[in-house]
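Here are my notes on the model, point by point. Have the sequence and the structure open while you read.

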Amino acid sequence: MPEEKFRKYREKRKFEETPEPKGGKKKKSDKPIFVIQKHDASNLHYDFRIEIEGVLASWAIPKGPSLDPAKKRLAVPTEDHPLEYADFEGVIPEGHYGAGIVMVWDIGHYKNLKSDKSMTEAWQAGRIEIELFGKKMQGKYALIRTKESQKAEDQPWLLIKMKDEYANTKSDITKDKPKSVLTGRTLKQIKNEAK
Ligand code: MN
């Protein structure tokens, strides 16, 4: 049930006071989507979200994504978000969960590269391989859970660029392309334009 799916997400938020969507209405996409949100909260990080079974499975990546296969990026799992969150850009007020500025840094769709596993099975196994078709991020990426544990949901993962023609050891994509892919705004502009 969708209501149950977003219980953790909703428990953390007061929808009369945050501009974030309550969600739960949007149906799953024809092509599953991914979104990366740059989030200037107590620490700047990037939230990586991929659509699995009608929710956005989510990870917080402190350093952001890298195009360099040698740079494994820590990805801490966070609560599933509703699909409506994918184009949320704005300011979460002080004193609220995730207070700070949210930017849609990249968005697009993805393909599951594991032909023998559904995305849910790949998530459960702790080994996801996907191809991204974003505006900034393209090519193959792996998300790997670091170790087995009874509470799999708390284990950190790693986001790793797989070797392909989009791999790049020289550029730093978060520095090279800092603005919103939806509105072209900087974090500062998003902040200033929020009422
Ligand atoms: Mn976040």
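1. Let's begin with the largest pocket. It is lined by 22 residues, and the ones nearest its centre are Lys-8, Thr-78, Glu-79, Asp-80 and Trp-123. Keep in mind throughout that this is a predicted model. The volume of the largest pocket comes out at about 580 Å³.

2. Which elements build that lining? At least two residues each come from α1 (2-5), α2 (7-11), β3 (55-61), β4 (73-81) and α3 (119-125). Sorted by class, the lining of the largest pocket has ten charged, eight nonpolar and four polar residues.

3. On to the second largest pocket, with a volume of about 270 Å³. It is lined by 19 residues, and His-39, His-45, Asp-47, Tyr-97 and Gly-98 are the closest to its centre. Here β1 (33-40), β2 (44-52) and β4 each give at least two residues to the lining. The class count for the second largest pocket is eight polar, six nonpolar and five charged residues. Notice that β4 turns up in the lining of the largest pocket and again in that of the second largest.

4. Now the metal. Which residues hold the manganese ion on the protein side? The donors are His-39 through ND1, His-45 through NE2 and Asp-47 through OD, at 2.1 to 2.3 Å from the ion. Along the sequence these donor residues follow the spacing H-x5-H-x1-D. His-39 and His-45 are both buried. You have met these names already: His-39, His-45 and Asp-47 are among the residues closest to the centre of the second largest pocket.

5. The aromatic side chains deserve a look too. The count is eight aromatic pairs. One of them joins Trp-59 and Trp-157 edge-to-face, with 5.3 Å from centre to centre and 75° between the planes. This pair links distant parts of the chain, since Trp-59 sits in strand β3 and Trp-157 in strand β9 (residues 157-161), 98 residues apart. Both Trp-59 and Trp-157 are buried.

6. Another pair is Tyr-85 with Phe-88, and this one is tilted: 5.3 Å centre to centre, with 50° between the planes. Are its two members buried or exposed? Tyr-85 has a relative accessible area of 2%, so it counts as buried. Phe-88 has a relative accessible area of 7%, so it is buried as well.

7. There is also one aromatic cluster, made up of Phe-34, Phe-48, Trp-59, Trp-123 and Trp-157. Trp-123 will ring a bell, as it is one of the residues nearest the centre of the largest pocket.

8. Ile-144 is worth clicking on. It lies in strand β8 (residues 138-145), and it counts as buried because its relative accessibility is 17%. Leaving out residues up to four places away in sequence, Ile-144 touches Gly-126, Arg-127, Pro-156, Trp-157, Leu-158 and Ile-160. Trp-157 in that list is the partner of Trp-59 in the edge-to-face pair. By contrast, the C-alpha atoms of Ile-144 and Ile-33 are separated by 19 Å, with their positions 111 residues apart along the chain.

9. Val-91 is placed in strand β5 (residues 90-92). Why call it partly exposed? Because its relative accessible area is 24%, and the partly exposed class runs between 20% and 50%. Not counting residues up to four places away in sequence, Val-91 touches Pro-19, Gly-100, Ile-101, Ile-190, Lys-191 and Ala-194. From Val-91 to Leu-187 the distance is 9.6 Å, C-alpha to C-alpha, for a pair 96 residues apart in sequence.

10. Pro-77 is in strand β4. With 17% relative accessibility, Pro-77 counts as buried. Its C-alpha is 15 Å from that of Ala-142, and the two residues are 65 apart in sequence.

11. Last, a backbone detail. Glu-53 has a phi near 50°, a positive value in a residue other than glycine. Where is Glu-53 found? It is in the loop between β2 and β3. Its relative accessible area is 57%, so Glu-53 is exposed.

Key: Residues numbered from 1 in each chain as written. Predicted model: local features only at pLDDT ≥ 70, side-chain atom pairs only at ≥ 80, totals over all residues. Heavy atoms only, no water. Donors = N, O, S within 2.8 Å, 3.2 Å for Na, K, Ca; no water. Buried < 20%, exposed > 50% of the residue type's maximum accessible area, 1.4 Å probe, protein only. 1 Å grid on protein atoms, 1.4 Å probe; cavity = no way out; pocket = protein on both sides within 12 Å on 5 of 7 lines; lining within 4 Å. Points joined across faces, edges and corners; volume = space filled by probe spheres on them. Helix = DSSP H or I, 4+ residues; strand = E, 2+ residues; numbered from the N terminus. Nonpolar A, V, L, I, M, F, W, Y, C, P; charged D, E, K, R; others polar. Contact = heavy atoms within 4.5 Å. Phe/Tyr/Trp six-rings, centres within 6.5 Å; stacked < 30°, edge-to-face > 60°.
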